[in-house]
Amino acid sequence: MTTSDDIDLLHTRIQRLADRVEVTEVCDRYVTHLDRSRHEDTWFGSVFTEDVHLAFPFGEYKGFEGLASFQEMTRTTFERTYHLAGNYEVELYPGEDRNRARVRAHLMAVHVRRREEPGEHFDIGGHYEADFVRTGAGWRIRGFAFDLVWNTGQGPAAGH
């Protein structure tokens with residue numbers, strides 16, 4: 001016989017599974033936009049909070065204005081990009097913090113400077129940690145830190 005406690009437990013488990021799926025969808029949406037929507041900035045709100053803070057080995061960017069600056073640097077340095085992310089480890093916080101989460105994942109990216117020379121590229125690989133919050137529009141990234149493990153080729157600074 002099913003009790004109300006069983007139903008509550010089932011509801012909690014379903015909500016946590018849904019949260020995991022939604023958080024990983026935001027992760028995938030981010031890397032997809034980096035490649036497919038690289039010439040526009042209208043997608044930021046579908047991935048980040050307005051006060052987002054991103055940290056990379058080559059600089060930090062805050063808010064949508066900082067993110068636009070980062071995107072502009074990438075657009076003017078590289079004509080094409082190709083990002084892959086995976087191995088998501090999603091930590092959903094319990095209790096009163098249930099509207100927060102943290103993701104640890106792997107990321108690789110290929111940056112092609114000129115479309116006509118796809119064999120000449122700057123590649124990176126590493127890990128990232130992202131802090132998420134649940135907003136009225138769904139889960140969004142509030143903080144993102146990339147830990148570079150390896151790179152090859154001519155990076156952004158060398159091309160400017």
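A residue is called exposed when its relative accessible area is over 50%, buried when that area is under 20%, and partly exposed in between. Keep these words in mind for the close-ups below, which all come from a predicted model.

**Figure 1. Asparagine 87 is an exposed residue in strand β3**. With a relative accessible area of 57%, asparagine 87 lies above the 50% cut-off, and therefore counts as exposed. Take a look at its backbone too: the phi angle is positive, at about 55°, even though asparagine 87 is not a glycine.

**Figure 2. The whole chain, to help you find your way.** How many helices and strands does the protein chain have? There are three helices and six strands, and along the sequence they follow the pattern α-β-β-α-β-β-β-β-α. The C-alpha atoms fill a box of roughly 65 × 30 × 25 Å along the principal axes. Of the 160 residues in the chain, 39% are buried. The accessible surface comes to about 9500 Å², and carbon and sulfur atoms account for 51% of that surface. Now consider contacts between residues at least 6 apart in sequence: 56% of them join residues at least 24 apart.

**Figure 3. Strands β3, β4 and β5 pair through antiparallel bridges**. Strand β4 covers residues 100-112 and runs antiparallel to β3, with 11 bridges joining the two. Across this pairing, tyrosine 82 stands opposite valine 110 in β4. Strand β4 also pairs with strand β5, residues 121-135, in the antiparallel sense over 13 bridges. Here you can find histidine 106 opposite histidine 127, which is in β5. As you follow a strand, remember a handy rule: in a regular strand, side chains alternate between the two faces of the sheet.

**Figure 4. Five residues form a nonpolar patch on the surface**. Which residues make up the nonpolar patch? They are Tyr82, Leu84, Met108, Val149 and Trp150, and together they have about 510 Å² of accessible area. Two elements, β3 (80-92) and β6 (138-152), each give two or more residues to the patch. One patch member, tryptophan 150, is found in strand β6. Its relative accessibility is 35%, which lies between the 20% and 50% cut-offs, so tryptophan 150 counts as partly exposed.

**Figure 5. Aspartate 35 is buried and has no salt bridge**. This residue is found in helix α1, which covers residues 4-36. Where is the nearest side chain of opposite charge? It belongs to arginine 38 and is 5.8 Å away from aspartate 35. A salt bridge needs a side-chain nitrogen of Lys or Arg within 4 Å of a carboxyl oxygen of Asp or Glu. Leaving aside neighbours within four places in sequence, aspartate 35 is in contact with Thr81, Tyr82 and His83. You have already met Tyr82 as a member of the nonpolar patch.

**Figure 6. Aspartate 147 in strand β6 touches three residues from elsewhere in the sequence**. Not counting residues up to four places away in sequence, these are Gly125, Gly126 and His127. His127 is the histidine that stands opposite histidine 106. Is aspartate 147 buried, partly exposed or exposed? Its relative accessible area is 46%, under the 50% cut-off and above 20%, so aspartate 147 is partly exposed. Look for proline 57 as well: the C-alpha atoms of proline 57 and aspartate 147 are separated by 7.2 Å, although the two are 90 residues apart along the chain.

Terms used:
Residues numbered from 1 in each chain as written. Predicted model: local features only at pLDDT ≥ 70, side-chain atom pairs only at ≥ 80, totals over all residues. Heavy atoms only, no water. Patch = residues over 30% accessible without salt bridge, like charges linked within 9 Å, V, L, I, M, F, W, Y side chains within 5 Å. Areas by Shrake-Rupley, 256 points an atom, 1.4 Å probe, with all protein chains shown as cover. Helix = DSSP H or I, 4+ residues; strand = E, 2+ residues; numbered from the N terminus. Buried < 20%, exposed > 50% of the residue type's maximum accessible area, 1.4 Å probe, protein only. Pairing = 2+ DSSP bridges. Lys, Arg positive; Asp, Glu negative; His and termini not counted. Contact = heavy atoms within 4.5 Å.
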